[in-house]
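Reader: I should like to learn how the terms used for a protein structure are justified. May I put some questions about this one?

Author: Certainly; please look at the sequence and the structure first.

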Amino acid sequence: MTEPFIQALSFYGTQKPFRFEADVYDCEVVGDLPAALNGSYYRCGADDAYPTLEGDIILNGDGMASVFHIADGKVDFRCRYVKTERYLAERKHRGRLAGKYRNAFTDAPELAGLDRDNTGNTSAFWHHGKLFALREDSIPMELDPDTLETKGEAAFRDELESLTMTAHPKIDPVTGEWWSYGQFCRKQYENEMSLQVIDRHGKVVRQEELVMPYPGVCHDFAMTREHVIFTVMPLTVDLDRVRAGGDFYAWDPEKQPMYGIMPRSGTTADIRWYAVPGAMIAHFMNAWSEGDKVMVDGFAAPGNSFAFFKDVDGNPTPNAVAESCLTRLTFDLSRNSDEAGFEPFAGAIGEMPKMDDRSGLQPYRYGWHKTYDGIAQVDWQTRQASVHQLLRTPEPGMCQEGVFVPRSPDAPEGDGYVLTVVNRVETNLAELLVLDTQDWQGEPVARVKLPFNLPMSFHGCFVNREGAMLPR
């Protein structure tokens, strides 16, 4: 008897797998696509190819990469599974083999000896002319940028000492370097973490280890021209719990979110840790340094914003993602105090922050983020936020992460377009919206309509026709 497909727990309710790979040539386009959109919008998310365990979470899904290839006002769409060892083993078996998220003790015997964690399901990332599917507990998987077919692990795999790399790397816009870190880099699940730097040609040029204050989650980090900001959040790992078949992470209310500031000119031995209560930040918008001060912007939740993980006593926690507020943290390295400045952006509640990456790692003005009813544009100079409504419209919809594309290479900061995939509630279809930042609440410049719906993608990037991605 075939196992039934279930609804996986996600950040916003539940999601049932879509389970298809598709090609749509010459997508239906309503409106006119701007000339600036001459490139490819890559996305990556999770979609289970086979039924999963009851209570499974979306983070455990198989990687699903997708792309909108845009050229001369025409659009072709494609989506493909990331063909990892786990995916191929389950396909051969014609059924589920993987157990709970990051818990090999719950797997079927057929997965023994295989890389069961690398699903490549979190972010589509472009560097040194190559496309990668990333997941934070694994080595990047290279994809063909035209077909999305899986080519295998990144070529620099043998140069790495770490077994893991983050799904939220940063690109230095000056050097072109890929800065990354590996949480639980030895997969001992204690306090080990690593720093990695890959040059613009794809060669590993720097590797260092550091010790986290406790074995907690580090989903994203931040960087400035002068500093690196590591994070450790109170979703902690207990191997005894994992061996007993429990969750990999559990919320520990006795722990505080921790931020480690390291000078880029120094080493990991120079990290200074700060406790910041009420600031669980899953995703950052930007960061920069001014002398001894380091400013970090991200969505701070007062509690557990990954609420599909229970607390250390096995009890559910309130879903704090509903209270995630765009917040500026300020760390003054000249002071002996380990307190940080905490400055919320009034009314900016949401997640999935983005910015004009040309202004990354330095002071900036504009950003965008997902809200419960649309997608917002924020202006740090005026402290105004404006929402492009999607839920309360004739065609209600929920947007996924957006990505900014400038109107031209030398356009002023924030002048351009934001692309976001919208899931239409009533018709069960998806479309790509193109929004003009100069007419934010106006009608979309263009809508690229698909004849089906799409699963949630977490993160993506736009790569222009010359093969250049804006720095992240």
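Author: Let us begin with Leu-361, which lies in the loop between β26 (351-355) and β27 (366-370). Please keep in mind that the model is a predicted one.

Reader: Why does Leu-361 count as buried?

Author: The relative accessibility of Leu-361 is 6%. Buried means under 20%, and therefore Leu-361 counts as buried.

Reader: What makes the phi of Leu-361 worth noting?

Author: Most residues other than glycine have a negative phi. Leu-361 is not a glycine, yet its phi is positive, near 70 degrees.

Reader: Which value of phi does Asp-72 have?

Author: Asp-72 has a positive phi of about 55 degrees, and this residue is not a glycine either. Asp-72 is found in the loop between β6 (63-71) and β7 (74-81).

Reader: Why is Asp-72 called exposed?

Author: Exposed means over 50% relative accessible area. Asp-72 has 75% relative accessibility, so Asp-72 counts as exposed.

Reader: What makes Arg-78 a buried residue?

Author: Arg-78, whose place is in strand β7, has a relative accessibility of 15%. The cut-off for buried is under 20%, so Arg-78 counts as buried.

Reader: How do you know that the side chains of Arg-78 and Asp-23 are joined by a polar contact?

Author: A polar contact requires a pair of N or O atoms within 3.5 Å. The contact that joins these two side chains is 2.4 Å. Arg-78 is also in contact with residues including Tyr-25, Val-67 and Leu-148.

Reader: Where is Arg-135, and is Arg-135 buried or exposed?

Author: Arg-135 has its place in the loop between β9 (130-134) and β10 (141-143). With a relative accessible area of 3%, Arg-135 is under the 20% cut-off and is therefore buried.

Reader: Which side chains make polar contacts with the side chain of Arg-135?

Author: The side chain of Thr-119 makes one such contact, at 2.9 Å. The side chain of Asp-137 is joined to that of Arg-135 by a polar contact of 2.9 Å. Both values satisfy the limit of 3.5 Å. Among the residues that Arg-135 touches are Leu-59, Tyr-101 and Met-165.

Reader: What lines the second largest cavity?

Author: Arg-135 is one of the lining residues, which also include Leu-59, Tyr-101, His-219 and Phe-306. By class, the lining has five nonpolar, three polar and two charged residues. The volume of this cavity is about 90 Å³, and the structure holds twelve cavities of 30 Å³ or more.

Reader: Why are β12 (170-171) and β15 (204-211) called edge strands?

Author: They belong to an open sheet of four strands in the order β12-β13-β14-β15, with antiparallel pairing. β12 and β15 are its edge strands: each pairs on one side only.

Reader: How do you know that β12 and β13 pair?

Author: Pairing needs at least two bridges between two strands. β12 and strand β13 (residues 178-183) have two bridges, in the antiparallel sense. In β13, Trp-179 is the bridge partner of Lys-170.

Reader: How many bridges join β14 to β15?

Author: Seven bridges join strand β14 (residues 192-198) to β15, and the two run antiparallel. With at least two bridges required, the seven found here satisfy the definition of a pair. Ser-194 stands opposite Glu-209 in β15. β14 and β15 form a hairpin with five residues between them, and Gly-202 in the turn has a positive phi of about 95 degrees.

Methods: Residues are numbered from 1 along each chain as its sequence is written. This is a predicted model: local features need pLDDT of at least 70, side-chain atom pairs count only at pLDDT 80 or more; totals for chains, interfaces and linings use all residues. Side-chain values use heavy atoms; hydrogens and water are left out. Buried means under 20% relative accessible area, exposed over 50%, partly exposed in between (1.4 Å probe, protein chains only). A polar contact is a pair of N or O atoms within 3.5 Å; within protein, one must be able to donate a hydrogen and the other to accept it, and residues adjacent in sequence count only if both atoms are side-chain atoms. Contact means heavy atoms within 4.5 Å. On a 1 Å grid over the protein atoms alone, a cavity is a set of points where a 1.4 Å probe fits but cannot get out, and a pocket is an open set with protein on both sides within 12 Å along at least five of seven lines; lining residues have an atom within 4 Å of a point. Grid points are joined across faces, edges and corners, and a volume is the space filled by probe spheres set on the points. Ala, Val, Leu, Ile, Met, Phe, Trp, Tyr, Cys and Pro count as nonpolar, Asp, Glu, Lys and Arg as charged, and the others, Gly among them, as polar. Lists of a residue's contacts leave out its neighbours within four places in sequence.
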